[in-house]
Structures are given as C-alpha cells and as structure tokens.
Amino acid sequence: MAKKGTQANDLLLKVVARIRTDFPVKFGIPRQSGLANSLEGEIVFEPEFRNPDIVRGLEDVSHVWLLWGFSEVKRENWTATVRPPRLGGNKRLGVFATRSPYRPNPIGLSCVELAGVVYDTKRGPIVKVKGADLLDGTPIYDIKPYITYADSRPEANSGVFTKPDNQCEVVIPEHELKKVEENKRAALIEILEQNPVPAYQHDSNKSYSFEFGNYHIEFEQVDGKIVVKKIE
C-alpha cells in the first residue's frame, strides 16, 4: 500500500516557490549556476509557504542549494544516452553522466549565492539570490543551505566537464551598452562571455539573439569574439 504523499512508486512533489529571473526564454541562460554571478533573482514562495519562520536562520549562510523542475522540457519519453552540447553534440553519454534536462525525472540542482532575505508583508519572505541558471518562473521544490565541510570537494574529478580555459571576448558598442540599466550590464557581459551558442555551431557572422530582462540582445560570433550588434 502506498504511503501518504505517494502514488504507487511516484513521489508527489509540491512547488514551494517560483524564481523570478531575467530569462523569459531558455536560450541565453548560463549552462551552470555561478558562471554569471552578477545575475540577480528572487524566490517568491507559494501562498501555502509564506510563513516567515520557513527561512529563519537562512541569512547565516552564504550559499544555498536549489532543487527545481525543468518546467519547459516538452518531452514525454527519455533516452538512456544524450548528446551534451558542451561536447559538440557528437558524443553520447549516459543520461546520469550528464546534466541534461531530458531525464527520467526532470529535476535540476543549482548552487547559488544568497544575497539576502526580505520580509514582504504581502508576498511573504523573498529569498534573493545571485548566479542562478534558471528560467523565469521555474518551480522550486526545495531550498537547502550549502555546507562547506560537507559539500565542498576541491579534489573532485568532473570527467569531461572541465571548465573552459578561456572566456570569450565580448565587444559591445558603447552606445548599445548604455541602453541597458547600469545594474544589469555586468550580468549581460558575463552571460556573453560564456558564449550562449552551442559548441557544435561554428558559423561565423551568423546572427543570434536572446531575451534578457526587458532587452532583446542580437550578437554574432566573429573571429572567436562575441560581437553585440543591437540591443532593443
């Protein structure tokens, strides 16, 4: 007989909150959390969880783990192997050897910097974070403190997923950059330094675009650089 809170072998997860970010679409989101640490986001709890006691003591830590759902992954079936874009899209790895969103359970895990907790009388406690790699409106299932002595493993081997040696040089004409609010400029540059274009796309002078907050960003890859053509 299934225990309370489960259906057969399926665990029922409650959405405890949703995160608000500057990413209305998936393209442009950093591939991992912390790569663009100037990005700001805020976690707003669902009405059921707006008790300020739920985050009591959270201000004492510097980073938190977010357990969240790939809400925009439109795929009913999963496969045992996937082709990570980070590896050029040509090499297959087992799904459990990657962070692909196409998984048996579409669950993501991100470590983000805690920027503060604001106690809002209408929306309950708001958890402010930096460096999140999440789409605007992503459901949050859980928040846990990052514990240095248990979670940090400097000796760990990441296999094929090593950090790129160099970031892309970003070129933004001054008159275009001035269109962006000053407090969002550093985050935009950090996003572009990671090069949002999948590694298997090498077309020079092909235009790409993504949405960032209220801005539409158009850019090209030119001689290994990211060149912004227009910001609207």
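# Sheets, cores and salt bridges in a predicted model

Biologist: This is a predicted model. In what order do the four strands of the open sheet stand?

Modeller: The open sheet is built from four strands, and their pairing is mixed. From one strand to the next, the twist averages 30°. The order is E11-E14-E13-E12.

Biologist: Which strands stand at the edges of that sheet?

Modeller: An edge strand here has a single partner strand, so one side of it is left without a neighbour in the sheet. The strands in that position are E11 (169–171) and E12.

Biologist: How many bridges pair E12 with E13, and which residue is the bridge partner of phenylalanine 210?

Modeller: E12 and E13 run in the antiparallel sense, and their pairing has six bridges. Within E13, the partner of phenylalanine 210 is isoleucine 217.

Biologist: Which helix packs on the sheet?

Modeller: The helix touches E11, E12, E13 and E14. Its direction makes about 140° with that of E12. The helix is H3.

Biologist: How many residues does the largest nonpolar core have?

Modeller: Nonpolar side chains tend to be buried together in soluble globular proteins. In this model, the residues with the most contacts inside the largest core include Leu188, Phe210 and Ile217. H3, E12 (207–212), E13 (215–222) and E14 (225–231) each supply at least two of its residues. The core has 23 residues.

Biologist: Which element gives the largest share of this core?

Modeller: The largest share is four residues. These come from H3.

Biologist: Which residues are in contact with phenylalanine 212, leaving aside its neighbours within four places in sequence?

Modeller: Among the contacts of phenylalanine 212 are Lys184, Ala187, Leu188 and Ile191. Isoleucine 217 is also one of them. The rest of the list is Asp22, Phe23 and Leu39.

Biologist: Aspartate 22 and lysine 184 meet in a salt bridge. Why does this pair tie together parts that are apart in sequence?

Modeller: The closest approach given for this salt bridge is 2.8 Å, N to O. Aspartate 22 lies in the loop between E3 (17–20) and E4 (40–45), whereas lysine 184 lies in H3 (residues 182–193), so the pair ties together parts that are 162 residues apart in sequence.

Biologist: Is lysine 184 buried or exposed?

Modeller: Buried means under 20% relative accessible area. Aspartate 22, its salt-bridge partner, has 17% and is buried. Lysine 184 has 18% relative accessibility, so it counts as buried.

Biologist: How do the strands of the closed barrel run?

Modeller: The barrel has six strands with antiparallel pairing. Neighbouring strands are turned by 45° against each other on average, direction ignored. The barrel runs E3-E4-E9-E8-E5-E10.

Biologist: How many residues of E4 are buried?

Modeller: E4 pairs with E3 in the antiparallel sense over four bridges, and with E9, also antiparallel, over five bridges. Arginine 18 stands opposite valine 44 of E4, and isoleucine 43 stands opposite valine 127 in E9. E4 is mostly covered, and of its six residues the buried ones number five.

Biologist: Glutamate 42 lies in E4. Which residue meets it in a salt bridge at 3.3 Å?

Modeller: Glutamate 42 counts as buried at 18% relative accessibility, and arginine 20 stands opposite it. The salt-bridge partner lies in the loop between E8 (107–120) and E9 (124–130), so the pair ties together parts that are 81 residues apart in sequence. At 33% relative accessibility, this partner counts as partly exposed. The residue is arginine 123.

Biologist: How far apart are the closest N and O atoms of arginine 56 and aspartate 53?

Modeller: Arginine 56 is exposed, with a relative accessible area of 65%. Aspartate 53 is partly exposed, at 45%. The two form a salt bridge, and the distance is 2.6 Å.

Biologist: How many salt bridges does a search of the whole structure find?

Modeller: The pair of arginine 56 and aspartate 53 is one salt bridge, and the pair of arginine 123 and glutamate 42 is another. The search finds eleven.

Biologist: Where is threonine 138 placed?

Modeller: Threonine 138 is buried, with a relative accessible area of 3%. A polar atom of its side chain lies 2.7 Å from the backbone oxygen of leucine 135. Its contacts beyond four places in sequence include Ile19, Trp68 and Ser71. Its place is in the loop between E9 and E10 (139–145).

Definitions and conventions:
Residues are numbered from 1 along each chain as its sequence is written. This is a predicted model: local features need pLDDT of at least 70, side-chain atom pairs count only at pLDDT 80 or more; totals for chains, interfaces and linings use all residues. Side-chain values use heavy atoms; hydrogens and water are left out. A salt bridge is a side-chain nitrogen of Lys or Arg within 4 Å of a carboxyl oxygen of Asp or Glu. Buried means under 20% relative accessible area, exposed over 50%, partly exposed in between (1.4 Å probe, protein chains only). A nonpolar core is a set of buried Ala, Val, Leu, Ile, Met, Phe, Trp, Tyr and Cys residues joined through side-chain atoms within 4.5 Å. Contact means heavy atoms within 4.5 Å. Two strands pair if DSSP finds at least two bridges between them. A polar contact is a pair of N or O atoms within 3.5 Å; within protein, one must be able to donate a hydrogen and the other to accept it, and residues adjacent in sequence count only if both atoms are side-chain atoms. Axes are lines fitted to C-alpha atoms, for helices over the stretch in contact, and angles run from 0 to 180 degrees between N-to-C directions.
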